[in-house]
Amino acid sequence: MTEIRIGKEGRAGRITLDRPKALNALTYGMCLEIDAALKAWAGDPDVALVLIDAEGERAFCAGGDIAEMYATGTRGDWSYGRKFWSDEYRMNARIDAFAKPVVSFLQGFTMGGGVGVGCHGSHRIVGETSQIAMPECGIGLVPDVGGSYLLAQAPGRLGEYLGTTGARMGPADAILAGFADRFVPEADWPALKAELIESGAAGRIDARTSTPPAGRFAALQAEIDALFAGETAGDIARALKAAEGEVATEARKAFSRAAPLSVACTVEILHRLRAAPSMRAALELEYRFTYRSMEHADFLEGIRAAIIDKDRNPRWHHESTEAVPPSEVAKMLMPLGDDALTFEEERT
């Protein structure tokens, strides 16, 4: 069964995610195929741009296919997950650094692994149905696939808010936060794709770009900045407990569901990156956490509660965000030495 369609069309290299019944969840095989295509097209004079889209109306890509990670991890085999993440992150880095335009069309849900494929290109297009989020703290991970790189560059403390709560961004919010660039009405997408394929000119997007419907977060920015300004996740949690209002109420609810260690590490990662954000630094930091996540964090329990048993009642290692010792955050984000994430030119 086809999971992904890849080929050259006109002046474009086209990648179409094709698992609509699974909300185009990204498998390990799909990651490898995308990476191989990008390598082949980098020096191909027939490919002027890369177009990434997906089948179905409900989602561009709602995340990674993590069933095999859970199956192997619960047997005490961490190697499959680590291999998946390392190869996926290298693919994410390749999209970010690709020398030709990369145009993505992000309908419906774009979450987790979908952000890694769709939100690092040069022209990231959203429409009326777009809902983008990084909900990893809810399953015992941290925002990864380069998501922390985008969050660290979001205005004010919007990155901390989005990264720890998993709040969804509509089209205007995604543009504000730096996860998207252009709003194009979805009725215009087929014609725009045809123009890009025929011409190979990303500039054709300009004529079809319009103003998105108003979002939520611009009006809430000052409140978000005040509540999420703490040095640690514990500081933020205490501020939320003492506050009233829409942001505090929603964030307290999200914190009550999320893995405390993940929330604490997410805040630390964003604070480390903010001074000098880079995609590779973000991926390397994320990999320190994900490498250890099955053995020392809450990932397997998070998947059990959300995906396997679906009881929505995870038993996290820590009772609350405030209860996470700084030493445990430091241990999760320590350098990995010989196991550190490397990129292709570093391995040759």
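Reader: How many bridges join strand 5 to strand 7?
Author: This is a predicted model. Strand 5 covers residues 102-106, and it runs parallel to strand 7. Valine 103 stands opposite histidine 123 in strand 7. The number of bridges joining strand 5 and strand 7 is 4.

Reader: Which residue in strand 9 is the bridge partner of valine 126?
Author: Strand 7 also pairs with strand 9, residues 182-183. These two run parallel and are joined by 2 bridges. The partner of valine 126 there is phenylalanine 183.

Reader: Are the side chains on the two faces of strand 7 buried or exposed?
Author: In a regular strand the side chains alternate between the two faces of the sheet. In strand 7, residues 123-126, His123 and Ile125 sit on one side. Arg124 and Val126 sit on the other. Both faces are covered, and all four of these residues are buried.

Reader: What is the strand order of the open sheet formed by 6 strands?
Author: Strands of a sheet pair through backbone hydrogen bonds, either parallel or antiparallel. In this open sheet the pairing is mixed. The order is 1-2-3-5-7-9.

Reader: Why is one side of strand 1 and of strand 9 left without a neighbour in the sheet?
Author: Strand 1 spans 4-9. Strand 1 and strand 9 each have a single partner strand. One side of each is therefore free of a neighbour, because both stand at the edges.

Reader: Which residue in strand 3 stands opposite leucine 17?
Author: Strand 2, residues 12-17, pairs with strand 3, residues 49-54. The pairing is parallel and runs over 6 bridges. Opposite leucine 17 stands alanine 54.

Reader: What angle does the direction of helix 1 make with that of strand 1?
Author: Helix 1, residues 28-42, packs on the sheet. It touches strand 1, strand 2 and strand 3. Its direction and that of strand 1 make an angle of about 15°.

Reader: What angle does the direction of helix 8 make with that of strand 5?
Author: Helix 8, residues 189-199, packs on the sheet too. Its contacts are with strand 1, strand 2, strand 3, strand 5 and strand 7. With the direction of strand 5 it makes about 165°.

Reader: Which strands are the edge strands in the order 4-6-8?
Author: This open sheet has 3 strands and parallel pairing. Each edge strand pairs on one side only. They are strand 4 (59-61) and strand 8 (131-133).

Reader: Which residue in strand 6 is the bridge partner of cysteine 61?
Author: Strand 4 pairs with strand 6, residues 109-111. The sense is parallel, over 2 bridges. The partner of cysteine 61 is threonine 110.

Reader: How many disulfides does a search of the whole structure find?
Author: A disulfide is a covalent bond between the sulfur atoms of two cysteines. For cysteine 61, the nearest cysteine sulfur is that of cysteine 31, 8.6 Å away. For cysteine 119, the closest is in cysteine 61, at 10 Å, which is too far for a bond. The search finds 0.

Reader: At what relative accessibility does cysteine 119 count as buried?
Author: Buried means under 20% relative accessible area. Cysteine 61 counts as buried at 0%. Cysteine 119 also counts as buried, with a relative accessibility of 0%.

Reader: How many of the 18 residues of helix 13 are buried?
Author: Helix 13, residues 279-296, reaches 25 Å from its first C-alpha to its last. That is close to the 26 Å expected at 1.5 Å a residue. The helix is mostly covered, and its buried residues number 14.

Technical notes. Residues numbered from 1 in each chain as written. Predicted model: local features only at pLDDT ≥ 70, side-chain atom pairs only at ≥ 80, totals over all residues. Heavy atoms only, no water. Buried < 20%, exposed > 50% of the residue type's maximum accessible area, 1.4 Å probe, protein only. Pairing = 2+ DSSP bridges. Disulfide = S-S within 2.5 Å. Expected span 1.5 Å × (residues − 1). Contact = heavy atoms within 4.5 Å. Axes fitted to C-alpha atoms, helices over the stretch in contact; angles between N-to-C directions.
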